[in-house]
Amino acid sequence: MTTPSREVRDAIEDLIADNVWALDTHDLDRYVGTYWEDGEWIDLLPDGSEVRLVGAQQLREGTAAYFASRSGHQHRLQTPLYLERDPGWSVWMYYWSLQRDPDGGAIEVQNAGWIHDEVEEREGRWRLRRRTVSQWDGTLPHPLRRT
């Protein structure tokens with residue numbers, strides 16, 4: 001299995017960290033800026049439907065309500081698996097999000113699942129080409145399965 005160079009891996013990790021910090025600090029401009037202008041965000045919902053936002057304008061409009069809502073979320077991404085694609089890399093990760101109760105301060109796990117990022121370098125900059133998010137339903141895709 002091919003892995004990215006340390007330089008490429010660092011750039012991708014920095015991009016993903018920037019995206020998640022922008023999400024948790026409600027910085028909509030910074031969040032949208034982690035995607036290419038033609039980037040996509042796909043949410044695979046538990047009922048089998050999906051939400052698909054394509055392009056910076058749809059990303060901005062489709063996530064504005066989240067960014068306007070109360071803060072207190074914290075997202076965690078872990079166990080990245082890098083797979084080479086042309087162009088760029090695919091990164092599979094598990095995620096979970098935490099929510100702090102604003103009154104009592106209790107922390108609860110709000111959501112868990114997996115993320116599949118497709119990242120590309122263009123003109124020396126790495127950005128998200130596509131992010132697919134799915135809640136964990138007890139099963140997981142197997143990105144290493146050979147078909």
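Here are some exercises with worked solutions on a predicted model.

Residues are numbered from 1 along each chain as its sequence is written. Because the model is predicted, local features need pLDDT of at least 70 and side-chain atom pairs count only at pLDDT 80 or more, while totals for chains, interfaces and linings use all residues; side-chain values use heavy atoms, with hydrogens and water left out.

**Exercise 1. Work out the strand order of the sheet and find which strands stand at its edges.**

Step 1: Get the terms straight. Helices (H or I, at least four residues) and strands (E, at least two) are DSSP runs, numbered from the N terminus. Two strands pair if DSSP finds at least two bridges between them.

Step 2: Read off the order. The six strands go β2-β1-β6-β5-β4-β3, forming an open sheet with mixed pairing.

Step 3: Look at the ends. β2 (50–54) and β3 (73–84) each have a single partner strand, so one side of each has no neighbour in the sheet. From one strand to the next, the twist averages 20°.

**Exercise 2. Compare how β1 pairs with β6 and how it pairs with β2.**

Step 1: Take β6 (residues 125–135). It pairs with β1 (residues 35–44) in the parallel sense, over six bridges. In this pairing, D43 has V133 of β6 as its bridge partner.

Step 2: Now take β2. Here β1 pairs in the antiparallel sense, over five bridges, and I42 sits opposite R52 of β2.

Step 3: Check the turn. The hairpin of β1 and β2 has five residues between the strands, and in it G48 takes a positive phi near 95°.

**Exercise 3. Place helices α1 and α3 against the strands.**

Step 1: Fix the rules. Contact means heavy atoms within 4.5 Å. Axes are lines fitted to C-alpha atoms, for helices over the stretch in contact, and angles run from 0 to 180 degrees between N-to-C directions.

Step 2: Follow α1 (residues 6–24). This helix packs on the sheet and touches β1, β3, β4 (89–100), β5 (107–122) and β6, with its direction at about 155° to that of β3.

Step 3: Follow α3 (residues 55–68). This one lies across β1, β2 and β3, running at about 130° to β2.

**Exercise 4. Find the salt bridge of R122 and say which strands it links.**

Step 1: Apply the rule: a side-chain nitrogen of Lys or Arg lies within 4 Å of a carboxyl oxygen of Asp or Glu. The count comes to 15 salt bridges.

Step 2: Pick out the pair. R122 meets D38 at 3.3 Å, N to O.

Step 3: Trace the chain. R122 is in strand β5 and D38 in strand β1, 84 residues apart, so to speak of distant parts of the chain is fair.

**Exercise 5. Spot the unusual backbone values at P87 and H26.**

Step 1: Recall the background. Most residues other than glycine have a negative phi, and most peptide bonds are trans.

Step 2: Check P87, in the loop between β3 and β4. The peptide bond from D86 to P87 is cis, with omega near 0°.

Step 3: Check H26, in the loop between α1 and α2 (28–32). Its phi is positive, near 60°, and H26 is not a glycine.
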